[in-house]
Amino acid sequence: MANGRVEGLSRREMLKRLGTMIGVAAGLPISLGAQSQARVQGLAAAGEVFVSLSPSEAETLRAIVARLIPADENGPGALEARADRYIDRALAGALKNQRAAYTGGLGAVNAYAQTSKGAPFAKLPAADQDAVLTDMEQNRAAGVSGGSSQFFNLLRTHTIQGTFCDPFYGGNENFIGWDLIGYPGARVGVSPSLQRMDVKPAPSRKSAYDFGMFSKGEF
């Protein structure tokens, strides 16, 4: 990962691939430096109280998701889509078996950032944050149980899920993720206008769970 790229994929290329995937599945980086830090701090002050993560863990997670899919000229990123909130809620439910991995992993990220760059992850400039994430991705960051690449992949997977999931699960705030990839949202019927190839479907701005045919199970 370097300069908003992960494993050779630019943010634009990642969104293109995700658009194809979500179009099939229907379910499931540039603004840098001070602007990125300001977004982290602003959302931290205004955001909801987290149910799983401590304030320190939440601050670190926000900073990480802000660098994995940053806001840029194409629009908002994972932080604005509240991928951090999705992860926090999931750690109290469907992902609760991975809570320990986040406790140890986020602490290890801060320790490695402090040792290698002189400050906790959230306090570093964007370039240093990207360098720490690159070390994690390439399994060079010491102190992470099971290897730093394993935790990096976990973070990246959950950040993608939180950015592009159904909003019911806490992420994809204001349908940011769906707007980024051009996914028009859930439908329960296909009208003639939706079948036209020359007209882009208007966004439904609805969660699947806004329709009565879908039951809201425990998350």
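In this talk I will go through the fold, two helix contacts, three loop residues and one pocket of the structure shown above.

Please keep in mind throughout that this is a predicted model. The protein chain holds 8 helices and 0 strands, and when we read the elements from the N terminus on, they run α-α-α-α-α-α-α-α. Of the 219 residues in the protein chain, 48% are buried.

Let me turn to the helix packing, and to H3 in particular. Two packed helices are described by the angle between their axes and the distance between the axes. Helix H3 covers residues 55-68 and helix H5 covers residues 99-117, and their axes come within 10 Å and cross at roughly 75°. Since angles from 65 to 115 degrees count as roughly perpendicular, H3 and H5 are therefore roughly perpendicular to each other. On the H3 side the contact is made by Ser56, Glu57, Thr60, Leu61 and Ile64, while H5 brings Arg99, Tyr102, Thr103, Leu106, Val109 and Asn110. Sorted by class, the residues of this contact of H3 with H5 divide into 5 nonpolar, 4 polar and 2 charged.

H3 also packs against helix H6, residues 126-137, where the axes again come within 10 Å but cross at roughly 90°. That angle makes H3 roughly perpendicular to H6 as well. Here Ala63, Ile64, Arg67 and Leu68 in H3 meet Ala126, Gln129, Asp130 and Leu133 in H6, and the residues of this contact divide into 5 nonpolar, 1 polar and 2 charged. You may notice that Ile64 appears in the H3 contact with H5 and is also listed among the H3 residues that meet H6.

Now to the loops, beginning with backbone geometry. Most residues other than glycine have a negative phi, and most peptide bonds are trans. Asn139, in the loop between H6 and H7, has a positive phi of about 60° although it is not a glycine. With a relative accessible area of 42%, Asn139 is partly exposed, because that class lies between the 20% limit for buried and the 50% limit for exposed. Phe175, which sits in the loop between H7 and H8, likewise has a positive phi of about 60° and is not a glycine. Its relative accessibility is 15%, so Phe175 counts as buried.

The loop that holds Phe175 also holds Asn172, and it runs between helix H7 (148-164) and helix H8 (176-181). Is Asn172 buried or exposed? Asn172 counts as buried, because its relative accessibility is 0%. Leaving aside residues up to four places away in sequence, Asn172 touches Ala81, Gly162, Thr163, Phe164, Cys165, Pro167, Gly177 and Trp178. There is a long-range pairing to mention too, in that Asn172 and Arg82 are 90 residues apart along the chain, yet their C-alpha atoms are separated by 6.4 Å.

I will finish with the largest pocket, which has a volume of about 160 Å³. It is lined by 10 residues, and the closest to its centre are Pro184, Gly185, Arg187, Val190 and Leu194. By class, the lining of this pocket has 7 nonpolar, 2 polar and 1 charged residues.

To go back over the main points, H3 is roughly perpendicular to H5 and also roughly perpendicular to H6. In the loop between H7 and H8, Asn172 is buried at 0% relative accessibility, and Phe175 is buried at 15%.

Terms used
Residues are numbered from 1 along each chain as its sequence is written. This is a predicted model: local features need pLDDT of at least 70, side-chain atom pairs count only at pLDDT 80 or more; totals for chains, interfaces and linings use all residues. Side-chain values use heavy atoms; hydrogens and water are left out. On a 1 Å grid over the protein atoms alone, a cavity is a set of points where a 1.4 Å probe fits but cannot get out, and a pocket is an open set with protein on both sides within 12 Å along at least five of seven lines; lining residues have an atom within 4 Å of a point. Grid points are joined across faces, edges and corners, and a volume is the space filled by probe spheres set on the points. Ala, Val, Leu, Ile, Met, Phe, Trp, Tyr, Cys and Pro count as nonpolar, Asp, Glu, Lys and Arg as charged, and the others, Gly among them, as polar. Helices (H or I, at least four residues) and strands (E, at least two) are DSSP runs, numbered from the N terminus. Buried means under 20% relative accessible area, exposed over 50%, partly exposed in between (1.4 Å probe, protein chains only). Contact means heavy atoms within 4.5 Å. Axes are lines fitted to C-alpha atoms, for helices over the stretch in contact, and angles run from 0 to 180 degrees between N-to-C directions. Angles under 35 degrees count as roughly parallel, over 145 as roughly antiparallel, 65 to 115 as roughly perpendicular and the rest as oblique.
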